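This report describes the fold, the nonpolar packing and several local backbone features of one protein chain. The sequence and the structure come first, and the description follows them.

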Amino acid sequence: MSLLLVLFYFIGIPALVIAATVWLWRKTDSSLARGLVMAGAMATLAGLLWLAQGEKWLADRQVRELCAKDGGVRVYETVRLPAERFDKWGNVNIPNKQYVKPTDEYYFESDDQYVQRGNPKILRMTTRMIRRSDGKILGESIRYARSGGDLPGSWHGTSFGCPKLPMNLESSIFLKGNEE
């Protein structure tokens, strides 16, 4: 069913617009009328393209602007930990706030906020690394993403986000032993 929708939208409708344009072109003798026929056909095709992709393009542009404004990783304090606290991939494995144990010194919390609801939607995702003893935020990462804005159908929707992953908040804050 979804393939039929795509074929109808991207092939069927433009073919109908072109066929109507050719028919009207042949029926008119005036150059002004032919110019209006061509302008109408171009406006119709541009409108169809805008309906199919325009809102998504605008949302992606807004995501890029938001990323340039405040996206990325910010480190407020670095922490040196002994080498045995790191796994073989160099991660400390800091737990989420909802799974923190009384023995954990650090945790992270995530917060998602809608910048734009609907279709497409734009989301601001913030992750903060926090020291449990004093509640100080050691660093944070901010990422923006757009999802949706596609033609309706049974296919999987598209998305766009920035800054690029991985953002490495944990490795920016927690340093091994005596590294600089």
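The paragraphs below move from the whole chain to its cores and then to single residues.

The model is a predicted one, and its single protein chain is described here from the overall arrangement inwards. Three helices and seven strands make up the secondary structure of the protein chain, and, read along the sequence, these elements follow the pattern α-α-β-β-β-β-β-β-α-β. The radius of gyration of the protein chain is 26 Å, whereas a compact globule of 180 residues would have a value near 16 Å. In keeping with this topic of overall dimensions, the C-alpha atoms fill a box of roughly 85 × 35 × 30 Å when the principal axes are used as the frame.

Of the 180 residues in the protein chain, 33% are buried. Among contacts with a separation of 6 or more, 59% are made by residues that stand 24 or more positions apart. The accessible surface of the protein chain amounts to about 11800 Å², and carbon and sulfur atoms contribute 58% of that area. The charged side chains number 24 positive and 19 negative, with the centres of the two sets 8 Å apart.

The largest nonpolar core consists of eleven residues, namely Val-79, Leu-81, Phe-86, Val-92, Ile-94, Tyr-106, Met-129, Leu-138, Leu-169, Ile-173 and Phe-174. Two elements, β2 (79-81) and α3 (169-173), each give two or more residues to this core. Another core, of eight residues, lies apart from it, and its members include Val-63, Cys-67, Ile-122 and Tyr-144. Within the largest core, Leu-81 may be taken as an example: when residues up to four places away in sequence are not counted, Leu-81 touches Phe-86, Val-92, Tyr-106, Phe-174, Leu-175, Lys-176 and Gly-177.

Tyr-107 belongs to strand β3 (residues 106-116). Because its relative accessible area is 11%, Tyr-107 counts as buried, the cut-off for that class being under 20%. Neighbours within four places in sequence aside, Tyr-107 is in contact with Ile-94, Pro-95, Lys-97, Val-100, Arg-128, Met-129, Ile-130 and Arg-132. Arg-131 stands 24 residues from Tyr-107 along the chain, and the C-alpha atoms of the two are separated by 6.7 Å.

Ala-20, in helix α1 (residues 2-27), counts as partly exposed because its relative accessibility is 36%, a value to be read against the limits of 20% and 50%. Between Ala-20 and Ala-33, which are 13 residues apart along the chain, the C-alpha separation is 14 Å.

Two peptide bonds that lead into proline are cis, and they are set out below.

| Cis peptide bond | Omega |
|---|---|
| Asn-119 to Pro-120 | near 5 degrees |
| Cys-162 to Pro-163 | about -5 degrees |

Pro-120 lies in the loop between β3 and β4 (121-131), and Pro-163 is found in the loop between β6 (159-162) and α3.

A further backbone feature concerns Asn-93, a residue other than glycine whose phi is positive, near 60 degrees. Asn-93 is located in the loop between β2 and β3, and Asn-93 counts as exposed because its relative accessibility is 54%, the class being set at over 50%.

Key. Residues are numbered from 1 along each chain as its sequence is written. This is a predicted model: local features need pLDDT of at least 70, side-chain atom pairs count only at pLDDT 80 or more; totals for chains, interfaces and linings use all residues. Side-chain values use heavy atoms; hydrogens and water are left out. Helices (H or I, at least four residues) and strands (E, at least two) are DSSP runs, numbered from the N terminus. The radius of gyration is taken over C-alpha atoms; the globule rule is 2.2 Å times the number of residues to the power 0.38. Buried means under 20% relative accessible area, exposed over 50%, partly exposed in between (1.4 Å probe, protein chains only). Contact means heavy atoms within 4.5 Å. Accessible areas come from the Shrake-Rupley method with a 1.4 Å probe; for residues, only the protein chains shown count as cover. Lys and Arg count as positive and Asp and Glu as negative; His and the chain ends are not counted. The place of a charge is taken as NZ of Lys, CZ of Arg, CG of Asp or CD of Glu. A nonpolar core is a set of buried Ala, Val, Leu, Ile, Met, Phe, Trp, Tyr and Cys residues joined through side-chain atoms within 4.5 Å.
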